[in-house]
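Visitor: I'm new to this structure and would like a close look at one part of it. Could you pick a single spot, start there, and then show me how the rest fits around it?

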Amino acid sequence: MIILGIDPGLAETGWGIIKETTDGWKVSDYGSIKTKSQTPISERLSEIHQEITSLIEKYKPGVAAIEELFFGANAKTAIKVGEARGAMLLACGEKRVPVSEYTPLQIKIALTGYGRAEKSQVQKMVKRFLNLKKIPKPNHAADALACAYCHAVSESKLKAQNSNVKTTSQN
């Protein structure tokens, strides 16, 4: 399985591709999509949509894992990031890539076991679990890889639970 992880943003969207191998999960690639603040919002959203579409076409993920929005004090920023998420979700929908969404809390728990972990702790665990020599940069790419790995962990737990379910016949 190939997972596209996405850390949404308008100015910078992190992305990461992980692939399941016989030795566990490995990073195929990662990076970020940057848009310029002086560019009209419609063009920025189009650029994000096009870049996500290109990533899907290149890596052919079986699923996309996208971080849900954390609504802080700045509603205006949250709305703009929400618009960017819409462009990302549209790209996934057009390419028929299923989407799973994870909160920052879920991602932190999946990687560190602690929901209030610091960003640096999560990044260290990304490096460790994905057998990287160094913490991925930029930070948004590391967050996207964390989201992808969170999905991998969630799916493996779900598969384990389903394999333990016994079926009985009513006959």
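**Starting from one buried acid**

Guide: Let's start at aspartate 143, which is buried, with a relative accessible area of 10%. It gets that label because buried means under 20% relative accessible area. Before we go on, keep in mind that this is a predicted model.

Who does this side chain meet? Aspartate 143 forms a salt bridge with lysine 119, at 2.6 Å from N to O. The aspartate sits in helix H5 (residues 139-163) and the lysine in helix H4 (residues 119-129), so their pairing ties together parts that are 24 residues apart in sequence. The two partners don't get the same label, though: aspartate 143 is buried, while lysine 119, at 44% relative accessibility, counts as partly exposed.

Just before H4 there's a loop that deserves a stop. Alanine 117 is found there, between H3 and H4. With a relative accessible area of 2%, alanine 117 is buried. If you leave aside its neighbours within four places in sequence, alanine 117 touches Lys108, Thr112 and Val122. You can also check alanine 117 against leucine 105: they are 12 residues apart in sequence, and their C-alpha atoms are 8.8 Å apart in space.

That loop leads us back to helix H3 (residues 104-112), which lies across strands S4 and S5 and runs at about 85° to S5. So now we've reached the sheet. It's an open one, built from 5 strands in the order S3-S2-S1-S4-S5, with mixed pairing. S3 and S5 are the edge strands, each pairing on one side only. From one strand to the next, the twist averages 20°.

A quick word on what joins such strands: strands of a sheet pair through backbone hydrogen bonds, either parallel or antiparallel. You can find both kinds here. Strand S2 (residues 12-21) and strand S3 (residues 24-34) pair in the antiparallel sense, over 10 bridges. Together S2 and S3 make a hairpin, with 2 residues between them. To find your place in it, look for glycine 14, which stands opposite serine 32 in S3. Elsewhere in the sheet, strand S4 (residues 63-67) and S5 pair in the parallel sense over 4 bridges. There, alanine 65 stands opposite serine 100 in S5. Helix H2 packs on this sheet, touching strand S1 (2-7), S2, S4 and S5, and its direction makes about 170° with that of S4.

H2 has a helix partner as well. The axes of helix H1 (residues 41-59) and helix H2 (residues 75-94) come within 8 Å and cross at roughly 35°. H1 passes H2 in a right-handed crossing. On the H1 side, the contact includes Ile41, Leu45, Ile48 and Ile52, and on the H2 side you'll find Ala84, Ala87, Met88 and Leu90 among others. Sorted by class, the contact has 11 nonpolar, 2 polar and 2 charged residues.

Now back to the theme we started with. How many salt bridges does the structure hold? There are 3, and the one between aspartate 143 and lysine 119 has already had its turn.

Another joins glutamate 57 and lysine 95, whose side chains meet at 2.8 Å, N to O. Glutamate 57 lies in helix H1 and lysine 95 in the loop between H2 and strand S5 (99-102), so this pair ties together parts that are 38 residues apart in sequence. Glutamate 57 counts as partly exposed at 41% relative accessibility, and lysine 95 counts as partly exposed at 35%.

The remaining salt bridge runs between glutamate 101 and arginine 85, with the closest N and O atoms 2.5 Å apart. It links strand S5, home of glutamate 101, to helix H2, home of arginine 85, over 16 residues. Glutamate 101 counts as partly exposed at 37% relative accessibility, whereas arginine 85, at 10%, counts as buried.

Let's step back for the whole view. The chain has 5 helices and 5 strands, and from the N terminus on they run β-β-β-α-β-α-β-α-α-α. Buried residues make up 39% of the 171 residues, and aspartate 143 is one that counts as buried. Finally, among contacts in the chain with a separation of 6 or more, 61% come from residues 24 or more positions apart.

How values were computed. Residues are numbered from 1 along each chain as its sequence is written. This is a predicted model: local features need pLDDT of at least 70, side-chain atom pairs count only at pLDDT 80 or more; totals for chains, interfaces and linings use all residues. Side-chain values use heavy atoms; hydrogens and water are left out. Axes are lines fitted to C-alpha atoms, for helices over the stretch in contact, and angles run from 0 to 180 degrees between N-to-C directions. A crossing is left-handed if the near helix is turned anticlockwise from the far one by less than a right angle, and right-handed if clockwise. Contact means heavy atoms within 4.5 Å. Ala, Val, Leu, Ile, Met, Phe, Trp, Tyr, Cys and Pro count as nonpolar, Asp, Glu, Lys and Arg as charged, and the others, Gly among them, as polar. Two strands pair if DSSP finds at least two bridges between them. A salt bridge is a side-chain nitrogen of Lys or Arg within 4 Å of a carboxyl oxygen of Asp or Glu. Buried means under 20% relative accessible area, exposed over 50%, partly exposed in between (1.4 Å probe, protein chains only).
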